[in-house]
Amino acid sequence: MTDDGAQRSLPANRRRILLLVGAAGAGKGTQADILSRELGLVHLASGDLFRQALRDGTPLGDKAREYMDRGDLVPDDVTIGMFMEQLAMPSARRGALLDGFPRTVAQARALDDTLAAQGERIDRVLSIDVPVDELVERLAGRWVCPTCGTVYHLEIDPPRVRGICDRDGMPLEQRDDDRPEVVRARLAKQIPPMHEVVDHYERAGVVSRVDGRRPIAEVTRQILDALRDAGLTVD
Ligand SMILES: [Zn+2]
């Protein structure tokens, strides 16, 4: 173990709470899997938490269901409660990697307050930055064979003949959700609140930005370097 200041700024018994931010297509899920494994952190993804709470019928899950059944948004305090429940589990004793929450500045402030009440905070925000045009390229590159269901990607995994299925020669189709204009509209809704959340934590000086255009292993390396530089290295 090196004495590079990390131990001084962070008692060994104190856990780390990280927030991973990135638009759809930025590779956030992939990095979350790698990082939670490498760092021994529990991966708390908002979608998973909801599904789990609803399935298990926890009191907060039941509360969330009431709102969802009415077609209302689940209030932030209910969502925060779900995260805090998970943070209280033994699986989170070394720390947690939050993914997909907080999604708005209001949620971020409420989460900050709740964490502060127990002497904790978001230790680092890792923003995986990818330009919108590249996100569109990544997300809108999917084409599917209507007959056999094989999925191709124009950049990553293209068919031998453009627009034609390798296996049965059928013309490939694009799902509505994968059309560039639909992808772009979805990102246009998603990105501004995400930037506001990053700006909020930027003011607290806890943001590290990584270049999400790089290959997966390099993005991971950038993140681990950022955590080390911030004195949050996990041995
Ligand atoms: Zn096919």
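Is cysteine 165 buried or exposed? Cysteine 165 is buried, with a relative accessible area of 2%. I start there because that residue sits under the 20% cut-off for buried, and because its sulfur is one of the donors to the zinc ion. One caution before I go on: this is a predicted model.

So, the zinc site. The zinc ion is coordinated by the SG atoms of Cys145, Cys148 and Cys165, and by Asp168 through OD, which is listed twice. The distances run from 2.2 to 2.5 Å. Along the chain, the donors are spaced as C-x2-C-x16-C-x2-D.

Now the accessibility of the other two cysteines. Cysteine 145 is also buried, and its relative accessible area is 2%. Cysteine 148 counts as partly exposed because its relative accessibility, 31%, lies between the 20% and 50% cut-offs. As for disulfides, the count for the model is zero.

Next, the surroundings of the site in sequence. Tryptophan 143 belongs to strand S5, which covers residues 142–144. With 26% relative accessibility, tryptophan 143 is classed as partly exposed. What does tryptophan 143 contact once neighbours within four places in sequence are left aside? The list is Thr150, Val151, Tyr152, Leu154, Leu172, Glu173 and Gln174. For a distance to go with that, the C-alpha atoms of tryptophan 143 and proline 159 are 9.4 Å apart, with a separation of 16 residues along the chain.

Moving along the chain, arginine 175 lies in the loop that connects strand S6, residues 151–153, with helix H8, residues 180–203. Its relative accessible area is 43%, so arginine 175 is partly exposed. Setting aside neighbours within four places in sequence, arginine 175 is in contact with Arg142 and Val144. Arg142 and Val144 are the end positions of strand S5 as numbered, 142–144. The C-alpha atoms of arginine 175 and alanine 140 are 9.3 Å apart, and 35 residues separate the two along the chain.

Aspartate 177 is in the loop between S6 and H8 as well. Not counting residues up to four places away in sequence, aspartate 177 touches Val182, Val183 and Arg186. Those three positions fall within the range given for helix H8, 180–203. From aspartate 177 to aspartate 48, the C-alpha separation is 21 Å, across 129 residues of chain.

One item on backbone geometry. Which peptide bond is cis, with omega near 0°? The bond from phenylalanine 101 to proline 102. Proline 102 is placed in the loop between strand S3, residues 95–99, and helix H6, residues 105–117.

Finally, the totals. The protein contains nine helices and seven strands. Along the principal axes, its C-alpha atoms fill a box of roughly 60 × 50 × 30 Å. There are 235 residues, and 44% of them count as buried. Taking contacts between residues at least 6 apart in sequence, 69% join residues at least 24 apart. The exposed area is about 12,800 Å², with carbon and sulfur atoms supplying 51% of it. On charge, there are 33 positive and 39 negative side chains, and the centres of the two sets are 2 Å apart.

To return to the opening residue: cysteine 165 is buried at 2%, and its SG coordinates the zinc ion together with Cys145, Cys148 and Asp168.

Technical notes
Residues are numbered from 1 along each chain as its sequence is written. This is a predicted model: local features need pLDDT of at least 70, side-chain atom pairs count only at pLDDT 80 or more; totals for chains, interfaces and linings use all residues. Side-chain values use heavy atoms; hydrogens and water are left out. Donors are N, O and S atoms within 2.8 Å of the metal (3.2 Å for Na, K and Ca); water is not among the atoms, so sites may look incomplete. Buried means under 20% relative accessible area, exposed over 50%, partly exposed in between (1.4 Å probe, protein chains only). A disulfide is a pair of cysteine sulfur atoms within 2.5 Å. Helices (H or I, at least four residues) and strands (E, at least two) are DSSP runs, numbered from the N terminus. Contact means heavy atoms within 4.5 Å. Accessible areas come from the Shrake-Rupley method with a 1.4 Å probe; for residues, only the protein chains shown count as cover. Lys and Arg count as positive and Asp and Glu as negative; His and the chain ends are not counted. The place of a charge is taken as NZ of Lys, CZ of Arg, CG of Asp or CD of Glu.
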